[in-house]
Structure formats: structure tokens, C-alpha cells
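Student: I would like a close look at one part of this model. Please show me how two of its helices pack, and then what surrounds them.

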Amino acid sequence: MSYAQGGGLTPQGQVARERVRMLAADGFERDEKNTVIAKDLRVSVRSVERWRRSSREGGRQALSPSGPAKRPKVDDRDFAVLEPLLLDGARAPGWPDERWTLSRVRLLIANQLDVLLCSVRGVWELLRRHGWSCQRPARRAVERDDAAVDGWAKETWRQAKPPRRRSGHRWSSRTKPPSR
């Protein structure tokens, strides 16, 4: 996450970071050296230098956060167009089942809004920002046979999985005998 998006900090962390910058501005007004300010605030000298330069060019208000670095590719107006399509289900645009995967949503955004989101994570962030969440089925399938599942787990799975290693004295290399 980039610095302008909060740097992954909670709102309390963002407030604390802004307070540190304002304390640095107080140090600038007292003509303290960058190294002294950095040591007192427990930040890097390079950050203090950057803050001093910003303060010199734009005053104290230049140290306050200015919001997101850029407008999101899909804003609220675009999502208002996209949301009814998502609510119609995945079969409406031609998918064989009703599951919305992130890659399917990414393709829907590309087709409907002519916006190419580079990553699946970007799609997830977009959906989460608008209140959507990962969904799992609330109930099991009607066709499920619990007795068959239990039988498979007891019989077939035991044959399919590799046996456990015995505990005891072993050496780390399988190709080299012990040196004792």
C-alpha cells in the first residue's frame, strides 16, 4: 500500500504519524538540526529532511496529509453501473455457473467499463471498498451423502496419503549416512 493510501496504517496510526510530522515542524521553527529532530522523534534523518523541504516550500500545512494519490480506476459512479450486473449473477454474462470469481469480475469490468485492472487483488480491493465480501455457501448440497464421505475418509484416504515418518534417531541428509 502506498504512503498516500495510509501506508497500511489504522486511522489511529495515521493520526499518530501526522502528530510526529507536526512535532518535526515545531523543531523546524526552533531551528533544530535534522539529526536532533530525527533522534527525538525516532524517525530517519532522510524523512526529517524531506519534511523540512516540504515545510520550507509549503509551510506547516504541507506536512498534513493530502488524501489519496490518485483517483481510483473504478469510482463510485462506475461501480453503480457494475453492481446490478454483479447482482444478476454470473450466468447472465454467460458463465456456466453462479460463482463470481475475482478473475470473472475483472473480465466483467474490462468488458462493461473498458477499464483494465492489472491485478486480481485490485478487483478484491474494489469489491471490499464497496461492501462486498467473500461468500461461502450457507448450507451443504442436497446431494451430499455424509455416510459415503465418512467411508471415503476412513478407507480410501488412508490408502492415498503417504505413511507418517517414524520418530526416532535420524540424520538430516537422506543421502549421507550418520558421521558417528
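**A helix crossing up close**

Tutor: Helices α1 and α3 cross in a right-handed way. Keep in mind that this is a predicted model. Two packed helices are described by the angle between their axes and the distance between the axes. Here, α1 covers residues 11–29 and α3 covers residues 45–58. Their axes come within 10 Å and cross at roughly 70°. Angles of 65 to 115 degrees count as roughly perpendicular, so α1 is roughly perpendicular to α3.

Now find the residues that meet. From α1, the contact uses Val-20, Arg-21, Ala-24 and Phe-28. From α3, it uses Val-48, Trp-51, Arg-52 and Ser-55. Sort the residues of this contact by class: 5 are nonpolar, 1 is polar and 2 are charged.

Next, look at Asn-34. This residue lies in helix α2, which runs over residues 34–41. What does Asn-34 touch, leaving out residues up to four places away in sequence? The list is Phe-28, Val-45, Val-48, Glu-49 and Arg-52. You have met some of these names already: Phe-28 of α1, and Val-48 and Arg-52 of α3, help make the helix contact. With Arg-52, there is also a polar contact between side chains, and Asn-34 is joined to it at 2.6 Å.

For a second example, move along the chain to helix α5, residues 102–113, and helix α6, residues 120–129. Their axes come within 9 Å and cross at roughly 85°. That angle makes α5 roughly perpendicular to α6. On the α5 side, the contact is made by Leu-102, Val-105, Arg-106 and Ile-109. On the α6 side are Val-120, Val-123, Trp-124, Leu-126 and Leu-127. By class, the contact of α5 with α6 has 8 nonpolar residues, no polar ones and 1 charged one.

Stay on α5 and pick out Arg-104, which has its place in that helix. Is Arg-104 buried or exposed? Its relative accessible area is 10%. Buried means under 20%, so Arg-104 is buried. Its side chain is joined to that of Asp-97 by a polar contact of 2.6 Å. Leaving out residues up to four places away in sequence, Arg-104 touches Ala-90, Trp-95, Pro-96, Asp-97 and Arg-99.

Try tracing both crossings in the view. Start with α1 over α3 at roughly 70°. Then find α5 and α6 at roughly 85°. Finish with the two side-chain pairs: Asn-34 with Arg-52, and Arg-104 with Asp-97.

Definitions and conventions: Residues numbered from 1 in each chain as written. Predicted model: local features only at pLDDT ≥ 70, side-chain atom pairs only at ≥ 80, totals over all residues. Heavy atoms only, no water. Axes fitted to C-alpha atoms, helices over the stretch in contact; angles between N-to-C directions. Helix = DSSP H or I, 4+ residues; strand = E, 2+ residues; numbered from the N terminus. Parallel < 35°, antiparallel > 145°, perpendicular 65-115°, else oblique. Contact = heavy atoms within 4.5 Å. Nonpolar A, V, L, I, M, F, W, Y, C, P; charged D, E, K, R; others polar. Left-handed = near helix turned anticlockwise from the far one by under 90°. Polar contact = N/O pair within 3.5 Å; in protein donor to acceptor, adjacent residues only side chain to side chain. Buried < 20%, exposed > 50% of the residue type's maximum accessible area, 1.4 Å probe, protein only.
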